[in-house]
Amino acid sequence: MDASVQVGSRRGKARMTRKKRAAVTTTPAKGIPIAAGGSVLRPLKAAEVVARDVVRDITAKGLQPGDCLPSEAQMLQTYGVSRESLREGLRLLEVQGMISIRRGPGGGPIVGTVDSANLGRMEALFYHLAGATYDELFEAWLFAESTLARLAATNPDAALREQVMEPYLSGDVEDAEHEDLEVYLSGHEGFHGAVSGLTGNRVFQLTFRAYGQVVAHHLSTVGDVHVRKLHRKLADDHLKLAQAIVDGNGDLASTLMHDHLSEVIAITRRELGSLLEGPVGWL
């Protein structure tokens, strides 16, 4: 084929791709317009100040999940706020999963976990309010996970890459379908969490993984047989991805992740059906 024809063909495809992306991202939807900025200048409320200070103290003291926080009386004295503001601040952290509060005698606040699923829950509310579509969520998820796979494969520590991916390289995949969808999804998310951990970027780990956590939650709520039947195919995808990451092949890892998630998105579309017609929500 003539070189000019090939170039013209590629340009035509590029224009079509841009038009397709524009159709996805600019389709009018009900929702509140996303603010251009300025809200970051809003003064923190007393409860938000307490929440911030509690988080800072947790990290400064090196506390870990399950460790106890000081009593209410101690925190009132430390932070110099009203009981109402303290309790509201702790509730803010509890909703985010950063702490949990045991009720009853001997109870009190304890340190929670840093989990992108909790971030995903909150993000889904923002997506819904803005009128964001599931097509937009899927597009963001494909971009994010493909980027994570590339970064994981280009981690300069080859020994670490092999150590983290070793559980997924055995090829010992169950032939039987999973009876418990939640068990399957937990394993699937575990693999993607391991990939994100290899990026060495905790901001990417939390924000990029939150997209997948929203999708996983939706499937765990309404999903059924299709995911279980495709368990072996998806697990084989994990094996190929793990090998590409161990080999340090960033381009291949990114491509394999994109293809892998395209399959998962196809499953999600079948499972969610008419739910995809509305804005993203937290089911």
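This text walks through the helices of one protein chain and some of the residues in them. The model is predicted.

Start with the whole chain. It has 12 helices and 2 strands. Read along the sequence, the order is α-α-α-α-β-β-α-α-α-α-α-α-α-α. So where do the strands fall in that pattern? The two β entries come after four α entries, and eight α entries follow them. The chain has 283 residues, and buried residues make up 35% of them. Now look at the contacts with a separation of 6 or more. Of these, 78% are between residues 24 or more positions apart.

Next, some helix pairs. Two packed helices are described by the angle between their axes and the distance between the axes. Keep both numbers in mind for each pair below.

Begin with helix H3, residues 72-79, and helix H4, residues 83-95. Their axes are 10 Å apart, and the packing angle is about 105°. Angles of 65 to 115 degrees count as roughly perpendicular. H3 is therefore roughly perpendicular to H4. Which residues make the contact? H3 supplies Glu72, Met75, Leu76 and Tyr79. H4 supplies Arg83, Leu86, Arg87 and Leu90. Sorted by class, this contact of H3 with H4 has 5 nonpolar and 3 charged residues, with no polar ones.

H4 also packs with helix H2, residues 46-60. Here the axes come within 8 Å and cross at roughly 60°. That angle makes H2 oblique to H4. The contact takes in Ala46, Ala47, Glu48, Val50, Ala51, Val54 and Val55 of H2. From H4 come Ser85, Leu86, Glu88, Gly89, Leu90, Leu92 and Leu93. By class, the contact of H2 with H4 has 10 nonpolar, 2 polar and 2 charged residues. H2 passes H4 in a right-handed crossing.

Two names appear in both lists for H4. Leu86 and Leu90 are in the contact with H3, and Leu86 and Leu90 are also in the contact with H2.

Zoom in on one residue of H4. Serine 85 is found in this helix. Is serine 85 buried or exposed? Its relative accessibility is 15%, so serine 85 counts as buried. Leave aside its neighbours within four places in sequence. Serine 85 is then in contact with Ala46, Ala47 and Val50. Ala46, Ala47 and Val50 belong to the H2 side of the contact with H4.

Now move along the chain to helix H6, residues 134-153, and helix H12, residues 250-272. They pack at an angle of about 150°, with their axes 8 Å apart. Angles over 145 degrees count as roughly antiparallel. H6 and H12 are therefore roughly antiparallel to each other. The residues of this contact of H6 with H12 divide into 12 nonpolar, 6 polar and 5 charged. H6 passes H12 in a right-handed crossing.

Two threonines sit in H12. One is threonine 268. At 1% relative accessibility, threonine 268 counts as buried. Leaving aside neighbours within four places in sequence, threonine 268 is in contact with Phe138, Val215 and Leu219. How far apart are threonine 268 and valine 215 in sequence and in space? They are 53 residues apart in sequence, and 7.7 Å apart in space, C-alpha to C-alpha. The side chain of threonine 268 also has a polar atom 2.8 Å from the backbone oxygen of valine 264.

The other is threonine 255, also found in H12. Threonine 255 counts as partly exposed, because its relative accessibility is 44%. Threonine 255 and threonine 147 are 108 residues apart along the chain, and their C-alpha atoms are separated by 9.7 Å.

Turn to helix H11, residues 231-246, where histidine 238 lies. Histidine 238 counts as buried, because its relative accessibility is 9%. What does histidine 238 touch? Not counting residues up to four places away in sequence, histidine 238 touches Tyr168, His188, Phe191, His192 and His260. Three of those names are histidines: His188, His192 and His260.

Finish with helix H7, residues 158-165, which holds alanine 159. Alanine 159 has a relative accessible area of 56%, so it is exposed. Alanine 159 and valine 246 are 87 residues apart along the chain, and their C-alpha atoms are separated by 8.5 Å.

Technical notes
Residues are numbered from 1 along each chain as its sequence is written. This is a predicted model: local features need pLDDT of at least 70, side-chain atom pairs count only at pLDDT 80 or more; totals for chains, interfaces and linings use all residues. Side-chain values use heavy atoms; hydrogens and water are left out. Buried means under 20% relative accessible area, exposed over 50%, partly exposed in between (1.4 Å probe, protein chains only). Contact means heavy atoms within 4.5 Å. Axes are lines fitted to C-alpha atoms, for helices over the stretch in contact, and angles run from 0 to 180 degrees between N-to-C directions. Angles under 35 degrees count as roughly parallel, over 145 as roughly antiparallel, 65 to 115 as roughly perpendicular and the rest as oblique. A crossing is left-handed if the near helix is turned anticlockwise from the far one by less than a right angle, and right-handed if clockwise. Ala, Val, Leu, Ile, Met, Phe, Trp, Tyr, Cys and Pro count as nonpolar, Asp, Glu, Lys and Arg as charged, and the others, Gly among them, as polar. A polar contact is a pair of N or O atoms within 3.5 Å; within protein, one must be able to donate a hydrogen and the other to accept it, and residues adjacent in sequence count only if both atoms are side-chain atoms.
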